[in-house]
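Dear colleague,

Please find below the structure that I am handing over to you. My findings follow it, arranged by region.

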Amino acid sequence: MAQDYVVLNDQNENGMIAVNKSVFKAIAEISIDEIEDAFQVPNSRFTKPLSIKIENNRLNIEADVRLKYGSNVEQTCELVQNRIYENILYMTGFKANAVTVNVSGFEN
């Protein structure tokens, strides 16, 4: 069964530190917005363009993005993937297991 949080340190005399998956989602959204040629796919009733899954304390992220028409697809997707991974590592100290970027269209 999927969890809603990742444990950053085990229980000690002061308590336990855990990060909710909504925090990882917010960091991923910010990371996509930082890339000039990438745009977030808007949430709709039937689609979830940003998927955060936590199983056995392992974080898997899947992001659907739209790219600027004429941009280098491979390079931009790699940049988005690295930015999400690095920002999560920098802001939480937790390494994501997998970051997957899917291109769902292009914009002018």
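**The aromatic pair**

F24 and F94 are both buried. The model in which they are found is a predicted one. A search through the whole structure yields one aromatic pair. That pair consists of F24 and F94, and it counts as tilted because the ring centres are 6.2 Å apart and the planes stand at 50°. F24 belongs to helix α1, while F94 sits in the loop between α2 and β6 (98-107), so the pair ties together parts that are 70 residues apart in sequence.

**The chain as a whole**

The secondary structure amounts to two helices and six strands. In sequence order, these elements follow the pattern β-β-α-β-β-β-α-β. Taken along the principal axes, the box filled by the C-alpha atoms is roughly 55 × 30 × 15 Å. Of the 108 residues in the chain, 31% are buried. Among contacts with a separation of 6 or more, 61% are between residues 24 or more positions apart.

**Helix α1**

Helix α1 covers residues 21-34, which is 14 residues, and its first and last C-alpha atoms are 20 Å apart, close to the 20 Å expected at 1.5 Å a residue. Its buried residues are F24, I27, A28, S31 and I32. Viewed down the helix axis, these residues fall within an arc of 135°, so they line one face of α1. They pack against β1 (5-12), β2 (15-20), β3 (38-40), β4, β5 and α2. At the start of the helix, a side-chain oxygen of N20 comes to within 3.0 Å of the backbone nitrogen of S22.

**Helix α2**

How does the span of α2 compare with what its number of residues would lead one to expect? The helix has 20 residues and should span 28 Å at 1.5 Å a residue; its end C-alpha atoms are 28 Å apart, which agrees. The buried residues of α2 are T76, C77, V80, I84, N87, I88 and T92. Because they fall within an arc of 105° when seen down the axis, they line one face of the helix. On the other side of α2, E74, Q75 and Y90 are exposed. The buried residues of α2 pack against β1, β2, α1, β3, β5 and β6.

Both ends of this helix deserve a remark. At the N-terminal end, N72 acts as a cap, with a side-chain oxygen 3.2 Å from the backbone nitrogen of E74. After the helix comes G93, which has a positive phi, near 80°.

**Two buried polar residues**

N87 lies in helix α2, which runs over residues 73-92. Is N87 buried or exposed? Its relative accessible area is 12%, which is under the 20% cut-off, so N87 is buried. Apart from neighbours within four places in sequence, N87 is in contact with I27, S31 and E34. Of these, I27 and S31 are among the buried residues of α1.

S71 is placed in the loop between β5 and α2. With a relative accessible area of 14%, S71 is likewise below the 20% limit and is therefore buried. The side chain of S71 reaches the backbone oxygen of K68 at a distance of 2.8 Å. When neighbours within four places in sequence are left aside, the contacts of S71 are with D37 and T76. T76 is itself one of the buried residues of α2.

**The β4-β5 hairpin**

Strand β4 (residues 50-55) has two distinct faces: L50, I52 and I54 form the covered one, and S51, K53 and E55 the uncovered one. This strand pairs with β5 (residues 58-68) in the antiparallel sense, over six bridges. Which residue of β5 is the bridge partner of K53? The partner is N60. The two strands form a hairpin with two residues between them, and N56 in the turn has a positive phi of about 55°.

**In brief**

The points that I would ask you to look at when you open the model are the tilted pair of F24 and F94, the buried faces of α1 and α2, the cap formed by N72, and the turn that contains N56.

With kind regards

Key. Residues are numbered from 1 along each chain as its sequence is written. Side-chain values use heavy atoms; hydrogens and water are left out. Helices (H or I, at least four residues) and strands (E, at least two) are DSSP runs, numbered from the N terminus. Buried means under 20% relative accessible area, exposed over 50%, partly exposed in between (1.4 Å probe, protein chains only). Contact means heavy atoms within 4.5 Å. Two strands pair if DSSP finds at least two bridges between them. A polar contact is a pair of N or O atoms within 3.5 Å; within protein, one must be able to donate a hydrogen and the other to accept it, and residues adjacent in sequence count only if both atoms are side-chain atoms. The expected span of a helix is 1.5 Å times one less than its number of residues. The arc is that of the directions from the helix axis to the C-beta atoms. Rings of Phe, Tyr and Trp (its six-membered ring) pair if their centres lie within 6.5 Å; planes under 30 degrees apart count as stacked, over 60 as edge-to-face and the rest as tilted.
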